[in-house]
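Can you give me a quick tour of how this protein packs together inside? I'd like the core, one of the helices that feeds it, and a couple of helix pairs.

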Amino acid sequence: MKSIIKSGLLSAGLVMFMPLLLKAQEGGVVVDKIITKVDNYIVLKSDLETTYLNYLANGNPATPDAKCRILAQLISQKLMVAKAEIDSVIVTDAEVDNNLDRRMQMILSQYGGSEQQLEEYYGKTVEEFQADIRDQIKEQLVVQRMQETITAGIKVTPAEVKKFFSGIPQDSLPYFSTEVEVAQIVKIPAVGKGQIDAAKKKLNDIRARIVAGESFEALAKEYSQDPGSAKYGGNLGFARRGIMAPEFEAAALKLKPNEISSPFETQFGVHIVQLLERRGNEYNSRHILLMAEPSEADMREAESFLDSLKTKIQADSITFEKAAKEHSDDSYTAGNGGFFMDDLGGTRVSVEDLDPVVFFTIDSMTVGEISKPIKFRTDGGKEAVRILYYKSKVKPHQANLNDDWQKIQAAALNQKKSKALNDWFNNAREDVFISIDEAYDYCGIMN
């Protein structure tokens, strides 16, 4: 059964969006068919084909056994769901609904928040779409819960890590590019009253034009600085209460349908919002956002703050890590003491994965140096200032225990968890009925 999990854990995300039910019709006859049954659960041919196409689309090679490995993973997932029923492993409706809400917001954002565009693309109502993916989401959560249950408490000792590493042939050891430890402290300048008032005045003028008969959507496309919704005329689609910023939600829900608010502030900038429809605990709205830019004086104040903080760090009055946790406005790095992190949660990052601006900045710095305050734009498009701390650098090298303990430890742990999942599969398959279409016998999944 080694083919089921070649490396790492079974991926619940592998089939994150299998077809809602892809059916090719020819003369009214459904071509799709069931290729596997696991108790009351099935795998369709379209499930396998679509997952395989996603696998290829992600840049993976079309190896002879790739489709078999994917089918094995799909069967393993169905087995986990079937065993979860037997073992009373529960995922609550509330967990599924919360995940569904987040997933729908993510999907709708790809359509500019427009339910109409989503419905046109899929040929079904939002309610029908939600009903279709709800079962998929529940299955994914059950699989994740089963994996967590099966691998709970699995750890690796230092001796196991060393044994794992010594078992890798010398010519198979990975080669790592240059890695660095870099941290930042970010300050987003407080925007002065003058800039906020100017944004409000501009939005009041835009609001007056809409009230006078101009198109809200056309003006949103022209003026809104919200990259997610501007191109869709500011449309945000239906949102449940509690999803949007509190100030936005409060302003929207005070309105009557088609009414437009006065300008108001949120952490994202200054808005006007139009309520389109209210439906139970959900509301449909559109908005125009202006991000008031800080003045030169605001920027200088932020630079001055970071300059003084840098002086304190260099005088050993406070560590860079503590200063980042207490003062940085970047939520992603502040909790890590300002450090950029790799996928394993380590502070050593490949230079290839660094933001190019950060890379070119540290390229002119020496290890141990803290940069002067540097202006930049955040991922959210805000003007900001930061200082960078270049803590360490590891030159390109072949994997070794001294430099790469964390990576090797993670690989050893994944191998141990993979073995536990394979052992579980071999035992659990005796408890359920599994049938595989004879056309896929060549995969040898049940051998």
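The largest nonpolar core in this predicted model has 46 residues, and Leu71, Met104 and Trp424 have the most contacts inside it. A nonpolar core here is a set of buried Ala, Val, Leu, Ile, Met, Phe, Trp, Tyr and Cys residues joined through side-chain atoms within 4.5 Å. Buried means under 20% relative accessible area, using a 1.4 Å probe and protein chains only.

**The cores**
- Elements that each supply at least two residues of the largest core include helix H1 (45–57), helix H3 (93–109), H14 and strand E15 (434–436); helices and strands are DSSP runs (H or I, at least four residues; E, at least two), numbered from the N terminus.
- H2 gives the largest share of this core, with twelve residues.
- A second, separate core has 16 residues, among them Ile185, Ala302, Ala323 and Ile387.
- As a rule, nonpolar side chains in soluble globular proteins tend to be buried together.

**Helix H14**
- H14 runs over residues 405–428, and its 24 residues should span 34 Å at 1.5 Å a residue, which agrees with end C-alpha atoms 34 Å apart; the expected span is 1.5 Å times one less than the number of residues.
- Its buried residues include Ile408, Leu421, Trp424 and Phe425.
- Among the elements covering the buried residues of H14 are helix H2 (66–87), helix H5 (126–151) and strand E6 (179–187).
- Leaving aside residues up to four places away in sequence, Trp424 touches Leu79, Met80, Lys83, Met146 and Ile150, where contact means heavy atoms within 4.5 Å.

**Two helix pairs**
- The axes of H1 and H2 are 10 Å apart and make an angle of about 120°; axes are lines fitted to C-alpha atoms over the stretch in contact, and angles run from 0 to 180 degrees between N-to-C directions.
- That makes H1 oblique to H2 (under 35 degrees is roughly parallel, over 145 roughly antiparallel, 65 to 115 roughly perpendicular, and the rest oblique).
- On the H1 side the contact includes Leu48 and Tyr52, and on the H2 side it includes Ile70 and Leu71.
- Helix H7 (residues 193–211) and helix H8 (residues 216–223) have axes that come within 9 Å and cross at roughly 150°, so H7 and H8 are roughly antiparallel.
- Lys202, Ile206, Arg209 and Ile210 of H7 meet Phe216, Leu219 and Tyr223 of H8.

**Reading the numbers**
- Residues are numbered from 1 along each chain as its sequence is written, and side-chain values use heavy atoms, leaving out hydrogens and water.
- Because the model is predicted, local features need pLDDT of at least 70 and side-chain atom pairs count only at pLDDT 80 or more, while totals for chains, interfaces and linings use all residues.

How values were computed
Buried means under 20% relative accessible area, exposed over 50%, partly exposed in between (1.4 Å probe, protein chains only).
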